[in-house]
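Q: I have a protein model open and would like to learn how to read its features one at a time. Could we start with a sheet?

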Amino acid sequence: MTSKLVSVGSAFLAQLAQSIQRHPKRLTAAIASLMLTAGGGAFAVASLGPDPADMPVRTLTQPIPSLVEGSTLADLTDLNDFSLYRTDYTRSSDTPESLLQRLGIQDPSASAFLRSNDLARQHIFSRNGRLVSAETSNDHQLRKLTVRWIQDESSEHFQRLELERQADGQFAATVSTAPLTVNTRLTGGTIHSTLFAATDAAGLPDAVAVQIADIFSDINFHRLHKGDRFSVIYETLEADGEFLRSGRVIAAEFKNRDKLHSAMWFEEPGERGSYYAMDGSSLRRAYLNSPVEFSRISSNFAMRKHPIHGTWRRHLGTDYAAPTGTKVRTVGDGVVEFAGWQNGFGNVIFIKHSNTAHTTVYAHLSRIDVKKGQSVEQGQHIGAVGSTGWSTGPHLHFEFRVNGTHQDPQSVIAKSEAKAISDKVRQQFAQQAEQLHVQLASAELIRQASAQ
């Protein structure tokens, strides 16, 4: 019995020795496991069976059907057929070739169609700023070209020109009309140099920046301070989901140094809408600060040496330096009293305002866009800056007359009064103001995030 146990023990030790030589790492792991579990009672022992690496390997081969079995080369080529999309804006100097090249299109037949088609020539070329969307094949051939634009600023619809390649490879063009979609956007920005530099950095259209300057008329936007900030909610006019232009500013805040200015648009039932501070006081005065959007005063209401006659005389208005073609707007509601040519004024417009004692004059215009007897609203474009009459360069000469007597325009405008919100709608106003205040807070968060 003893000899049998010795024999079995010897065989076990021999097998253990062989296993140690073959698998030194496994032995190390087993010992480590034993040490870690020494105080815990039972423990597992690593298997000392055959190493899988030493076991025989058998390879199985299974045929798999081809995914393209039975397909021709043409069929396989179609698998790579896809559409590319690109958007840009028309330029007044565009030719068919330059427009298509900017859109990444290399298609002589499309270029030839654009050159010969009456609708394309009428609505695309010599037009500036119209939205163009192109769909092309993966080999840069034009499939569809869509042009969208708004006919005039007061329109609630947009025009759509579509050029599409037909099944026979030829192009067809159609023009249609569809309603605009009004949405809102909110954003914010920080002043580092100028208002327009900050609004550009925030992705705001210039038209929104101009409205901000008009709304907060008591802020000197020519002398802003680094670190001033703004938040704004404004309307967007969209066509087929594409942005065409900005609309009205709904609400805005502007922190100028340590003072926070706020404004919101509100319409009383039966009344014309206007801008109010969040406490209900009106920000819409009878007259705008300037007849030219965000322009520079080159000559004030004062004594000066006349640039043409060379004599010292009183300058009876305010001159605004601006390039020829810059839009001119009426500073207040009224009726066109005169529109035409008048001596040294050149092209000039006289507007009699709601306060019948007040008349404003807009002179040296390159273009007149209103007629005598026409009613105009505050901010409406009436013409364009020019250098007609007695003028040495493009600018707008602006006068303010009270009962026929010339007054300093800046003084009269500064004294114009604003009307507060009426008591009957104050609760409705307060609810709307609270909602807009929350949205402006969100716009401020966007500004902070973009600044980081």
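Q: In what order do the strands of the open sheet run, and is the pairing parallel or antiparallel?
A: Strands of a sheet pair through backbone hydrogen bonds, either parallel or antiparallel. In this predicted model, 5 strands form an open sheet in the order β6-β7-β8-β9-β10, and the pairing is antiparallel. The edge strands are β6 (181-190) and β10 (274-276), each of which pairs on one side only. From one strand to the next, the twist averages 30 degrees.

Q: How many bridges join β6 to β7?
A: Strand β7 covers residues 229-239, and 10 bridges join it to β6, the two running antiparallel. To find the register on screen, start from Thr190, whose bridge partner in β7 is Arg229.

Q: Which residues stand opposite each other further along the sheet, in β8 and β9?
A: Ala252 stands opposite Ala263 in β9. The two strands, β8 and β9, run antiparallel and are joined by 6 bridges. They form a hairpin with 2 residues between the strands, where Arg257 takes a positive phi near 60 degrees. On to the edge: 3 bridges join β9 to β10, again antiparallel, and Phe266 has Ser274 in β10 as its bridge partner.

Q: Why is β9 described as largely enclosed?
A: A residue counts as buried when its relative accessible area is under 20%. In β9, 6 of the 8 residues are buried, so the strand is largely enclosed by the rest of the structure.

Q: Which helix lies across β7, β8, β9 and β10?
A: That is helix α8, residues 206-215. It runs at about 35 degrees to β8, which spans 242-256. The strand β9 under the same helix spans 259-266.

Q: How should I read a second strand, β17, and how many of its residues are buried?
A: In a regular strand the side chains alternate between the two faces of the sheet. For strand β17 (residues 346-353), 7 of the 8 residues are buried, so it is largely enclosed by the rest of the structure.

Q: Which strand pairs with β17 over 8 bridges?
A: Strand β16 (residues 334-342) does, in the antiparallel sense. Phe338 has Phe350 in β17 as its bridge partner. The two strands form a hairpin with 3 residues between them, and Asn343 in the turn has a positive phi of about 40 degrees.

Q: And what joins β17 to β18?
A: Strand β18 (residues 358-368) is joined to β17 by 5 bridges, and the two run antiparallel. Asn347 has Leu365 in β18 as its bridge partner. This pair is also a hairpin, with 4 residues between the strands.

Q: What about single residues: is Arg102 buried or exposed?
A: Arg102 counts as buried because its relative accessibility is 15%, and the cut-off for buried is under 20%. Its place is in helix α4 (residues 96-102).

Q: Which side chains make polar contacts with the side chain of Arg102?
A: One is Asp88, at 3.3 Å. Another is Asp94, at 2.9 Å. Leaving aside neighbours within four places in sequence, Arg102 is in contact with residues including Arg86, Tyr89, Thr90 and Arg91.

Q: Where does Lys371 lie, for contrast?
A: Lys371 is in the loop between β18 and β19 (375-376). With a relative accessible area of 65%, Lys371 is exposed. Its C-alpha atom is separated by 8.6 Å from that of Glu337, 34 residues apart along the chain.

Q: How do I read the protein as a whole, and how many helices and strands does it have?
A: The secondary structure comes to 10 helices and 22 strands. Of the 452 residues, 38% count as buried. The accessible surface comes to about 26,400 Å², and 52% of that belongs to carbon and sulfur atoms. Among contacts between residues at least 6 apart in sequence, 59% join residues at least 24 apart.

Q: Where is pLDDT below 50?
A: Where pLDDT is low, the predicted coordinates should not be read in detail. The mean pLDDT of the protein is 82, and 79% of its residues reach 70 or more. Over residues 27-47 the pLDDT is below 50, and this stretch has 6 contacts in the model beyond near neighbours in sequence. Residues 301-306 also stay under 50, with 27 contacts in the model beyond four places in sequence.

Notes: Residues are numbered from 1 along each chain as its sequence is written. This is a predicted model: local features need pLDDT of at least 70, side-chain atom pairs count only at pLDDT 80 or more; totals for chains, interfaces and linings use all residues. Side-chain values use heavy atoms; hydrogens and water are left out. Two strands pair if DSSP finds at least two bridges between them. Axes are lines fitted to C-alpha atoms, for helices over the stretch in contact, and angles run from 0 to 180 degrees between N-to-C directions. Contact means heavy atoms within 4.5 Å. Buried means under 20% relative accessible area, exposed over 50%, partly exposed in between (1.4 Å probe, protein chains only). Accessible areas come from the Shrake-Rupley method with a 1.4 Å probe; for residues, only the protein chains shown count as cover. A polar contact is a pair of N or O atoms within 3.5 Å; within protein, one must be able to donate a hydrogen and the other to accept it, and residues adjacent in sequence count only if both atoms are side-chain atoms. pLDDT is the predictor's confidence in each residue, from 0 to 100.
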